[in-house]
Amino acid sequence: MLEPNIGILTFRAEGDNVKSSRDYSKKIHWPGNSISCRKNNSGVTIGRGFDLGDRTRSEILMSLQIAGVEKEKAERISDAAKLKGCLAYKFVLENRDAIGEITDRQQLSLFIVTYGKMKKDVERICKTKKNIVDYHPNPDISPSLAWDNIPEKIKDILIDLRYRGDYNISTRSYLQKLAYEGDLEKFGKILSDRSLCLFVPKDRFKRRVDFYENF
């Protein structure tokens with residue numbers, strides 16, 4: 001299985017290579033079942049975390065095309081654009097085997113493109129003047145320097161948070177200041193505090209902590 005040089009935490013957490021698994025990532029999949037579908041707002045996913053639920057058909061087609069997915073297969077996958085919850089679950093049940101797999105190379109390419117977009121968005125958030133004023137010890141620092149001074153392993157965690165949808169106003173209230181300060185020890189303690197991350201699945205929580213402690 002091909003893996004990326006950057007974003008390895010996120011790549012490994014966003015699916016697996018076990019064909020019998022619900023999260024087998026080279027086929028379309030959905031993180032739920034018929035019982036939970038009314039409460040789970042996730043979309044159909046292909047590859048490592050490429051969720052179609054909030055994407056337009058044209059956006060999906062473009063991303064899949066860049067990744068090298070064949071036109072016919074890309075079009076069939078893009079039929080799941082904007083589907084969420086029970087509709088997404090139903091689409092996976094009815095189309096998973098018919099659509100088939102994407103290749104290791106296509107999966108990797110799709111992840112690299114998606115991860116790059118998430119990284120740019122985290123950079124944008126960290127450069128936002130309001131966040132700098134609210135959380136940075138030097139509110140007059142330039143946005144570029146505020147971003148550049150954040151340690152790489154903290155950036156990796158912030159991007160993983162963004163990738164899963166966990167990088168929000170709530171998490172920034174207790175992580176952003178430490179990220180700006182580059183306080184590796186205190187950031188790690190907050191990251192490993194389960195009481196602050198009850199909304200995060202146990203597996204993802206553990207992966208983040210293990211990655212951070214062994215980076």
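A salt bridge here is a side-chain nitrogen of Lys or Arg within 4 Å of a carboxyl oxygen of Asp or Glu. Keep that in mind, since the structure holds 23 salt bridges. One thing to say up front: this is a predicted model.

Let's start with the overall fold. The protein has 11 helices and 2 strands. Going along the sequence, you meet one helix, then both strands, and then a run of helices to the end: α-β-β-α-α-α-α-α-α-α-α-α-α. How does the radius of gyration look for a chain of 215 residues? A compact globule with that many residues would come out near 17 Å, and the protein has 18 Å, so the two agree. Along the principal axes, the C-alpha atoms fill a box of roughly 55 × 35 × 30 Å.

Now for what's inside and what's outside. Buried residues account for 47% of the 215. If you take the contacts between residues at least 6 apart in sequence, 63% of them join residues at least 24 apart. The exposed surface comes to about 11200 Å², with carbon and sulfur atoms supplying 52% of it.

On to the charges. There are 39 positive and 31 negative side chains, and the centres of the two sets sit 3 Å apart. Some of these side chains pair up across the chain. Lys27, for one, makes a salt bridge with Asp97, with 3.1 Å between the closest N and O atoms. This pair ties together distant parts of the chain: Lys27 is in the loop between α1 (8-13) and β1 (45-46), while Asp97 belongs to helix α4 (residues 85-99), 70 residues away. Are the two partners buried or exposed? Lys27 has a relative accessible area of 17%, so it counts as buried, whereas Asp97, at 61%, is exposed.

Other bridges stay within a helix. In helix α8 (residues 152-164), Lys155 and Glu152 are 3 residues apart, about one turn of the helix, and their closest N and O atoms are 3.5 Å apart in a salt bridge. Lys155 is buried at 6% relative accessible area, but Glu152 is partly exposed at 47%.

Helix α9 (residues 169-181) has its own pair, Glu181 and Lys177, 4 residues apart and so separated by about one helical turn. Their side chains meet in a salt bridge at 2.4 Å, N to O. Here Glu181 is partly exposed at 33%, and Lys177 is partly exposed at 42%.

Finally, there's a group to look at: Glu14, Asp160, Arg164, Asp166, Arg204 and Arg208 are linked in a network of salt bridges.

Key: Residues are numbered from 1 along each chain as its sequence is written. This is a predicted model: local features need pLDDT of at least 70, side-chain atom pairs count only at pLDDT 80 or more; totals for chains, interfaces and linings use all residues. Side-chain values use heavy atoms; hydrogens and water are left out. The radius of gyration is taken over C-alpha atoms; the globule rule is 2.2 Å times the number of residues to the power 0.38. Buried means under 20% relative accessible area, exposed over 50%, partly exposed in between (1.4 Å probe, protein chains only). Contact means heavy atoms within 4.5 Å. Accessible areas come from the Shrake-Rupley method with a 1.4 Å probe; for residues, only the protein chains shown count as cover. Lys and Arg count as positive and Asp and Glu as negative; His and the chain ends are not counted. The place of a charge is taken as NZ of Lys, CZ of Arg, CG of Asp or CD of Glu.
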